[in-house]
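Open the model in a viewer and keep the sequence panel visible. The stops below say what to select and what is there.

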Amino acid sequence: MGSEGPSVVTVHVTGFKKFIGVPENPTEKIVSNLQSYMEKKGLPKSVVRGSCTVLEVAGQGALGTLYEVLESAISDRKEGSQIIWIHFGVSGGLPRFALENQAVNDATFACPDELGWKPQRVPIVPSDGNISQIRKTTLPVNELVKMLRKIGHDVMRSDDADRFVCNYVYYHSLRFAEEHGIKSLFVHVPLFSTIDEAVQMHFVASLLEAVASLN
């Protein structure tokens, strides 16, 4: 009986399409180009790149698609492998990358989503309780921030994923992750005009490696 070595980690990612005020969403480009970028760069042996999905910037109206991609990862799960979801969203005023530590059970949209929904102080999942209910990622955000800073990335921990679609998706993903014994993380990125595409792709590749190294 030899040593088993590191367990295999399958990382699935999502980004968002463009929306009002953001004519080019960097996360759409990041997710669309991730496969070819990682093929050139090479993934660590313990990492498998799973699905790459671009979501509508919508809450309730996009839930069906969100749960389809979440559930497909579970149905394709290999025995002994671990699954991690990383969701990317853009924050226009953000000067650096932000790893979101938690999501709040509160849908209070400052403007309508792309399907015209504009909830105010509505629980995302009513059966979870009121809008102050919080779900946290089980990934060690502080440790990840430290690892990424050490290799030169401008990144911080955040405890506020806003109350728009990013928080909405993250809350559902964290709930799903808890129910199925997997992990979920939401990452806010700046516009390409703030941090250019090449640097952002390098950051995403570094994040995938850092997350996988924790297992």
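The tour covers a helix, its neighbours, some salt bridges and a few loop residues in this predicted model.

**Stop 1: helix α4**

Select residues 165-180, which make up helix α4. The helix has 16 residues and spans 22 Å from its first C-alpha to its last, close to the 22 Å expected at 1.5 Å a residue. Now colour the selection by accessibility. Of the 16 residues in α4, 12 are buried, so the helix is mostly covered. Among the buried residues are Val-165, Cys-166, Tyr-170, Tyr-171, Leu-174 and Ala-177. Step past the end of the helix to Gly-181, which follows α4 and has a positive phi, near 65°.

**Stop 2: Asn-167**

Stay in helix α4 and pick Asn-167. Is this residue buried or exposed? Asn-167 is buried, because its relative accessible area is 0%, and buried means under 20%. Show what surrounds the residue, leaving aside neighbours within four places in sequence: Asn-167 is in contact with Ala-103, Val-104, Asp-106, Ile-124, Ala-161 and Asp-162.

One of these contacts, Asp-162, is worth selecting next. Asp-162 lies in the loop between β7 (155-158) and α4. Its phi is near 70°, a positive value in a residue other than glycine.

**Stop 3: α2 against α4**

Add helix α2, residues 63-75, to the view. Which residues of α2 meet α4? They are Leu-63, Leu-66, Tyr-67, Leu-70, Glu-71 and Ile-74. On the α4 side, the residues met are Tyr-168, Val-169, His-172, Ser-173, Phe-176 and His-180. The two helices pack at an angle of about 30°, with their axes 11 Å apart. That angle makes α2 roughly parallel to α4, because angles under 35 degrees count as roughly parallel. The crossing of α2 and α4 is right-handed.

Then move to Gln-60, in the loop between β2 and α2. Not counting residues up to four places away in sequence, Gln-60 touches Trp-117 and Tyr-168. Draw a distance from the C-alpha of Gln-60 to that of Leu-115: the two atoms are separated by 8.9 Å, although the residues are 55 residues apart along the chain.

**Stop 4: a salt-bridge network**

Side chains of opposite charge can pair when their charged atoms come close. How many salt bridges does the structure hold? It holds 12.

Begin with Arg-175 and Glu-179, whose side chains meet in a salt bridge at 3.4 Å, N to O. Both are in helix α4, four residues apart, and are therefore separated by about one helical turn. An α-helix has 3.6 residues a turn, so residues three or four places apart point the same way. Glu-179 is exposed, with a relative accessible area of 51%. Extend the selection to Asp-128, Arg-135 and Glu-178: salt bridges that share partners join these residues with Arg-175 and Glu-179 into one network.

**Stop 5: two further salt bridges**

Select Glu-56 and Lys-17, whose side chains meet in a salt bridge of 3.3 Å, N to O. This pair links distant parts of the chain, 39 residues apart. Glu-56 is in the loop between β2 (47-55) and α2, and Lys-17 is in the loop between β1 (9-16) and α1 (26-41). Glu-56 is partly exposed, with a relative accessible area of 35%. Lys-17 is partly exposed too, at 32%.

Go on to Asp-159, which forms a salt bridge with Arg-157; the closest N and O atoms are 3.1 Å apart. Asp-159 counts as partly exposed at 37% relative accessibility, and Arg-157 counts as partly exposed at 34%.

**Stop 6: Arg-121**

Select Arg-121, in the loop between β5 (102-104) and β6 (134-136). Its phi is near 50°, a positive value in a residue other than glycine. Arg-121 is exposed, with a relative accessible area of 60%.

**Stop 7: α3 and α5**

Finish with helix α3 (residues 141-150) and helix α5 (residues 197-213). Their axes come within 10 Å and cross at roughly 130°, and the two helices are therefore oblique to each other. The crossing is right-handed. Show side chains here: Leu-144, Met-147 and Leu-148 in α3 meet residues in α5 that include Phe-203, Leu-207, Ala-210 and Val-211.

Terms used: Residues numbered from 1 in each chain as written. Predicted model: local features only at pLDDT ≥ 70, side-chain atom pairs only at ≥ 80, totals over all residues. Heavy atoms only, no water. Expected span 1.5 Å × (residues − 1). Buried < 20%, exposed > 50% of the residue type's maximum accessible area, 1.4 Å probe, protein only. Salt bridge = Lys/Arg side-chain N within 4 Å of Asp/Glu carboxyl O. Axes fitted to C-alpha atoms, helices over the stretch in contact; angles between N-to-C directions. Parallel < 35°, antiparallel > 145°, perpendicular 65-115°, else oblique. Left-handed = near helix turned anticlockwise from the far one by under 90°. Contact = heavy atoms within 4.5 Å.
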